[in-house]
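Please go through the structure below with attention to its strands, its pockets and one histidine.

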Amino acid sequence: MEKEPGNQTHFVGFKLLGLSTPPEFQGLLFPLFLSMYLIGLLGNLLIILVICSNDILFHTPMYFFLTHLSLADIGLSSSTVPKMLQILVSKTNTISHSGCLTQMYFFVVFCMTDNFLLASMAYDRYVAICRPLHYSTVMSYKRCLILVSGSWLLSNAHMLLYIFSISGFSFCASREIPHFFCDVHPLIKLSCSDTSYVEMMLMFEGTVGLLGPLMIILISYIFIVFKVLKVPSASGKQKAFSTCSSHLITVALFYSTLIGTYIRPSSTYSGTKFSMASIFYTIVIPMLNPFIYSLRNSEMHGAMRRLLRIWVASLLPRWSSF
């Protein structure tokens, strides 16, 4: 249904209203979110550095996917959090038209890449547990490269559909977005143009884009569970499930917030609930992922120790020269 065009205006920018929190809490949010952002940024950079500096890990499918997942997490938080921190500390909450579309583009690209990579990692666990004799053939470096490249390309193609549609929208007199970054739902709600086509595309293509990979994950783990239950020893079952635990935790955290946020009509959009859910998958999950994948991982611990020894050994000659 076409919206009333009476209050249309030439677009000059948007005002991001940020988080609707009492003023007395605003001063606490900046150091809290800055700390969480920096922990996530440094943790994911460390994951990438450790894996890329270790040839064995880099050519192991699970860690190859983890490198790109960490890269996507860095992009996901970096596309949104710095603007939110700027709003909290300087009260500068305006964003240009091009800036808004650019932020929305990169946010959705990194979010969808996370989505596709989690499905690729589930498939990797399925092959490793259910078809171990064929693992090196099925999950070859070439196959992994195709899965990773496909994840990035599909994410970009997914977002280009929305960018081309939304860039032609006219907007009403109110350009206030009740959120801390530009996202698809708030922009659609502000538009005075006929948004029915984009909303239909968002529901259909967004549902397929989110639920498709989730179905791959669920089916992979159904086969994994049936396979592991046939293992006679309790230690064998525990070992098999332990290789999947990190991935399962990330999947549960990621999809529990994302599906409830995006698989709904724009008319049901609630700024406060949307912002709270967005904090979880733009700040909390990227911060937690490095801990989830490294705390109980002996291979990552060993690679970190080796990297630390190399770093210390490279510094010792410099220290001795003083």
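In this predicted model, three strands form an open sheet in the order E2-E1-E3, and their pairing is mixed. The edge strands are E2, residues 94–95, and E3, residues 176–177, each of which pairs on one side only. Strand E1 covers residues 14–16 and runs parallel to E3, the two being joined by 2 bridges. Within this pairing, leucine 16 has isoleucine 177 of E3 as its bridge partner. In general, the strands of a sheet pair through backbone hydrogen bonds, in either a parallel or an antiparallel way.

The pockets come next. The largest pocket holds about 390 Å³ of space. Its lining consists of 17 residues, and those nearest the centre of the pocket are Ser242, Ser245, Ser246, Arg296 and Asn297. Four helices each give two or more residues to this lining: H3 (61–78), H10 (234–262), H11 (271–294) and H12 (298–320). H10 supplies the largest share, with 6 residues. Sorted by class, the lining of the largest pocket comprises 7 nonpolar, 8 polar and 2 charged residues.

The second largest pocket contains about 170 Å³ of space. Which helices give two or more residues to its lining? They are H5 (97–130), H7 (141–166) and H9 (196–229). The largest share here is that of H7, which contributes 5 residues. The lining includes Phe116, Ala119, Ser120 and Tyr123, and also Ile146, Leu147, Gly150, Ser151 and Leu154. Pro213 and Ile216 are further lining residues of this pocket. By class, the lining of the second largest pocket has 8 nonpolar and 3 polar residues, with no charged ones.

Helix H7 is also the place of histidine 158. Is histidine 158 buried or exposed? Its relative accessibility is 7%, and a residue counts as buried when this value is under 20%; histidine 158 is therefore buried. Which residues is histidine 158 in contact with, once its neighbours within four places in sequence are left aside? The contacts are Val108, Met112, Glu205 and Gly206. The helices that line the second largest pocket give these contacts a setting: H5 spans residues 97–130 and H9 spans residues 196–229. Val108 and Met112 thus fall within the range of H5, and Glu205 and Gly206 within that of H9.

Terms used
Residues numbered from 1 in each chain as written. Predicted model: local features only at pLDDT ≥ 70, side-chain atom pairs only at ≥ 80, totals over all residues. Heavy atoms only, no water. 1 Å grid on protein atoms, 1.4 Å probe; cavity = no way out; pocket = protein on both sides within 12 Å on 5 of 7 lines; lining within 4 Å. Points joined across faces, edges and corners; volume = space filled by probe spheres on them. Nonpolar A, V, L, I, M, F, W, Y, C, P; charged D, E, K, R; others polar. Buried < 20%, exposed > 50% of the residue type's maximum accessible area, 1.4 Å probe, protein only. Contact = heavy atoms within 4.5 Å. Pairing = 2+ DSSP bridges.
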